[in-house]
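Reader: I would like a close look at one part of this model, the helix packing around its main nonpolar core, with the neighbouring loops taken in as well. Could you go through it carefully and in one connected account?

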Amino acid sequence: MLLNIALIVTLALILYYVFSLVRLPGILGLIVAGVVVGPGVLNVVDPEVSLLLKELKTAALLVILIRAGLGINRETLHKVGRPAINMSFIPGVFEGLTVMAMAHYIFHFSWIEGGMLGFIIAAVSPAVVVPTMLDLKDKGWGRKKEVPTLVLAGASVDDVFAITIFSVFVGLAAGAEIHVGQLLWQVPAGIVMGALLGCLLGIALVAFFKHFHIRDTKKVIIFMIVAVVFYELCEYEAVKSMIPVAGLLGIMAIGFIILERYGKLAKRLSAKFNKVWVLSEILLFVYIGTEVQINQLDTELLGAGLLLLVLGLAARSAGVWIVLLSSALNNKEKLFCVIAYWPKATVQAAIGAVPLTLIEAGKLGSVPIETGQIILAMAVLSIVTTAPLGAIGIKAFGPRLLSKN
């Protein structure tokens, strides 16, 4: 098992370096490494390693959200407040509904089947977006108007809406009764609850760290334990059935409170988490790569699938632009936000196969198995195309479209 991990990490580091040499985002090298060792190509990942990567992927995602939270102060939050809220759901709804409608005509899906596909595709990838935004922040790009912060704040909540609406369509396909009124209050309540619980945990951690003088390394460990427990509780089915608590937003809120109430510690913790991220980044993107099964792509599907993705991204881009019309951003900064909202990876890798699994188990009524296969193939195609496109776009156009103050 350890040898298997060592070989995977070695290949990932080599490809990261190779991609960096040709001025491409290093994370693409990590994803490619995952694809190569995964079941779609060589299939050399030990099953136990695969399970371990799945768990560590979640921890890595929490690390980047903690880093993001530790870098957002009150003034920054005030600058991005309303646009970030609108960015968190309007572009995703635009894309999800567009894909749903087009799937009805292109793949002859029912509206419910199209809705499942639409809101799998609609989720932006915090795994790609957040670290690239943090990199731009560290280099000073877009700092005056806090453009990277605006994008990463919106992206951290975008998934809540997409997954919640996807769950609604799954329920409809299974014949469950859906209460629209309940849905309308559950989603905003979940966002508020996530932020509130995160703030309370942040206050508790600040009080604990001020009372007990321990090494910063141990504080990082305690912080991670709290974050993992909080996130897992938010993902617990009994909790999600009542209110889909925005756990990712809550993790960021913990970091925000620590920065507000104990700024010196926040800077030290941020430096520690930057070091943790070195390994976390490898594990996260290699795992995403292993979930991309190239053999699921049907050559006959490629043309129609790419058309569907382009139409969806066009709708998402229009949603981003409309949201930012009343903001203080200039046209170049708005265009950057459009590009930064393209990458798909995390959610698509996590739930792309869910409809097919439920269909095979006989839990989605009359939905044909071909529908589940197309949805899985589209999830794979969205990762293969938009993750590189978005990552390269952010790296190439960030310095060109954003000012450096």
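Author: A residue is called buried when its relative accessible area is under 20%, exposed when that area is over 50%, and partly exposed in between. The model is a predicted one, and by this criterion helix 7, residues 126–138, is mostly covered, since 11 of its 13 residues are buried. The buried residues are Pro-126, Ala-127, Val-128, Val-129, Val-130, Pro-131, Thr-132, Met-133, Leu-134, Leu-136 and Lys-137, a list that holds Thr-132 and Lys-137 alongside Val-128 and Leu-134. From its first C-alpha to its last, helix 7 reaches 18 Å, close to the 18 Å expected at 1.5 Å a residue.

Met-133 of this helix also belongs to the largest nonpolar core, which has 98 residues, and is named there with Phe-223, Ile-258, Phe-273, Phe-285, Phe-336 and Cys-337 as having the most contacts inside it. Helix 13, residues 263–291, gives the most to this core, with 12 residues. Apart from it lies another core, of 31 residues, among them Met-116, Ile-120, Leu-364 and Val-367. In soluble globular proteins, nonpolar side chains tend to be buried together.

The chain beyond helix 7 leads on to helix 8. Just after helix 7, Gly-140 takes a positive phi of about 90°. In the loop between helix 7 and helix 8 lies Glu-146, where phi is again positive, about 55°, although the residue is not a glycine. Most residues other than glycine have a negative phi. Glu-146 counts as buried because its relative accessibility is 10%. A positive phi of about 55° is also found at Asn-43, likewise not a glycine, in the loop between helix 2 (26–37) and helix 3 (47–69); Asn-43, however, is exposed, because its relative accessible area is 51%.

Helix 8, residues 147–173, packs against helix 15, residues 331–340, at an angle of about 35°, and their axes are 10 Å apart. The crossing of helix 8 with helix 15 is right-handed. On the side of helix 8 the contact is made by Val-147, Leu-150 and Val-151, which meet Glu-333, Phe-336, Cys-337 and Ala-340 of helix 15. By residue type this contact divides into 6 nonpolar, no polar and 1 charged. Phe-336 and Cys-337, both part of the contact, are also among the residues with the most contacts inside the largest core. If its neighbours within four places in sequence are left aside, Cys-337 is in contact with Val-147, Leu-150 and Val-151, and also with Met-87, Val-320, Leu-324 and Leu-329.

Two further residues can be set beside this picture. Cys-199 sits in helix 9, residues 180–211, and counts as partly exposed because its relative accessibility is 22%. Residues up to four places away in sequence not being counted, Cys-199 touches Ala-253 and Ile-257, while Gly-255, 56 residues from Cys-199 in sequence, is 8.6 Å from it in space, C-alpha to C-alpha. Thr-371, in helix 18, residues 369–401, is buried because its relative accessible area is 5%, and its contacts, leaving aside neighbours within four places in sequence, are Phe-109 and Glu-113.

Conventions
Residues numbered from 1 in each chain as written. Predicted model: local features only at pLDDT ≥ 70, side-chain atom pairs only at ≥ 80, totals over all residues. Heavy atoms only, no water. Core = buried A, V, L, I, M, F, W, Y, C linked by side-chain atoms within 4.5 Å. Buried < 20%, exposed > 50% of the residue type's maximum accessible area, 1.4 Å probe, protein only. Helix = DSSP H or I, 4+ residues; strand = E, 2+ residues; numbered from the N terminus. Contact = heavy atoms within 4.5 Å. Axes fitted to C-alpha atoms, helices over the stretch in contact; angles between N-to-C directions. Left-handed = near helix turned anticlockwise from the far one by under 90°. Nonpolar A, V, L, I, M, F, W, Y, C, P; charged D, E, K, R; others polar. Expected span 1.5 Å × (residues − 1).
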